[in-house]
Amino acid sequence: MGILSLQRIYFLSELYAKLEKHPDICTTTFHECVQSLSKPDANVSASTLHQMVAGSWVYGTFSTWIGSPDKNRGWDLLCDAKRSFDNVMSSGRLSEKEMQLATEQLADCEGSDWFWWFGDYNSAQSVASFDNLFRRNLSNLYRLLKLEAAAGTAACYQCGGGAPAVGGTMRRSDVV
């Protein structure tokens, strides 16, 4: 199991344990919530959502993760890898242990913060490091799936170019 997967498991396990113990919080799954709507003694009610905004704390948009050619190229590579993952998983050709390892590797590839680092506003050195790590994670996923890595997985496509002093931080906003 990868370090990122272990950290995610420990964090989420501790978070949910604390939420379960909180006297004013009742945890549930989305499935349980939807199922309870049809019960006469439901503790949940449905209502109309008239407006929804981006759920990001960064600028209130998703521009930190999507939109630029570099970020979109990363998403394209990830989507290709996910389609390959789905095909292999449904084929039945992996053992249970191999499926577990591939699932954990996919979780590492799907971390949205890879895309945070892509883009021209981060320093070239930071972008190159994260691009290399992202592509290595994708390549490892393909290896675990027993497939050739997709075209483009081996080639560096991120450039960066922002000032190192602000690289890795949020861009300055035009909104005050």
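These exercises walk through a predicted protein model, each with a worked solution.

**Before you start**

Residues are numbered from 1 along each chain as its sequence is written, and side-chain values use heavy atoms, with hydrogens and water left out. Because the model is predicted, local features need pLDDT of at least 70 and side-chain atom pairs count only at pLDDT 80 or more, while totals for chains, interfaces and linings use all residues.

**Exercise 1. Find the mean confidence of the protein, and say where confidence is lowest and highest among the helices.**

Step 1. Start with the score: pLDDT is the predictor's confidence in each residue, from 0 to 100.

Step 2. The protein has a mean pLDDT of 82, and 81% of its residues reach 70 or more.

Step 3. Helix α1 (residues 3–21) has the lowest confidence, at a mean of 79, and helix α4 (residues 96–109) has the highest, at 95.

Step 4. Keep a reading rule in mind: where pLDDT is low, the predicted coordinates should not be read in detail.

**Exercise 2. Count the helices and strands, and give their order.**

Step 1. Helices (H or I, at least four residues) and strands (E, at least two) are DSSP runs, numbered from the N terminus.

Step 2. The protein has six helices and zero strands.

Step 3. Reading from the N terminus, the order is α-α-α-α-α-α.

**Exercise 3. Check the spans of α3, α4 and α6 against the expected values.**

Step 1. The expected span of a helix is 1.5 Å times one less than its number of residues.

Step 2. For α3, 23 residues should span 33 Å, and the end C-alpha atoms are 33 Å apart, which agrees.

Step 3. For α4, 14 residues should span 20 Å; the end C-alpha atoms are 20 Å apart, so this agrees too.

Step 4. For α6, 21 residues should span 30 Å, and its end C-alpha atoms are indeed 30 Å apart.

**Exercise 4. Describe the largest nonpolar core and what A102 touches.**

Step 1. A nonpolar core is a set of buried Ala, Val, Leu, Ile, Met, Phe, Trp, Tyr and Cys residues joined through side-chain atoms within 4.5 Å. Buried means under 20% relative accessible area, exposed over 50%, and partly exposed in between (1.4 Å probe, protein chains only).

Step 2. The largest core has 23 residues, and those touching the most other members are F85, A102, F115, F134, L138, L141 and L145.

Step 3. Two or more residues each come from α3 (69–91), α4, α5 (113–117) and α6 (124–144). The largest share, six residues, is from α3.

Step 4. Contact means heavy atoms within 4.5 Å. Beyond its neighbours within four places in sequence, A102 contacts F85, M89, L141, L144 and L145.

Step 5. The buried residues of α3, including F85 and M89, have α4, α5 and α6 among their cover. Those of α6, including L138 and L141, have α3, α4 and α5 among theirs.

**Exercise 5. Compare L145 and K146: which is buried and which is exposed?**

Step 1. L145 is found in the segment after α6, and K146 is found there as well.

Step 2. L145 is buried because its relative accessible area is 0%. K146 is exposed because its relative accessibility is 54%.

Step 3. L145 touches S84, F85, V88, R93, L94 and A102, leaving out residues up to four places away in sequence. L145 and V88 are 57 residues apart in sequence but 6.6 Å apart in space, C-alpha to C-alpha.

Step 4. K146 has a positive phi of about 65° although it is not a glycine. As background, most residues other than glycine have a negative phi.

**Exercise 6. Count the aromatic pairs and describe the one between F115 and F118.**

Step 1. Rings of Phe, Tyr and Trp (its six-membered ring) pair if their centres lie within 6.5 Å; planes under 30 degrees apart count as stacked, over 60 as edge-to-face and the rest as tilted.

Step 2. The structure holds eight aromatic pairs. In the F115 and F118 pair, the centres are 5.8 Å apart and the planes are at 90°, an edge-to-face arrangement.

Step 3. F115 and F118 are both buried, and both belong to one aromatic cluster with W75, W114, W117, F130 and F134.

**Exercise 7. Look for disulfides, then classify C79 and C109.**

Step 1. A disulfide is a pair of cysteine sulfur atoms within 2.5 Å, and a search of the whole structure finds zero.

Step 2. C79 has a relative accessible area of 36%, so C79 is partly exposed. C109, at 0%, counts as buried.
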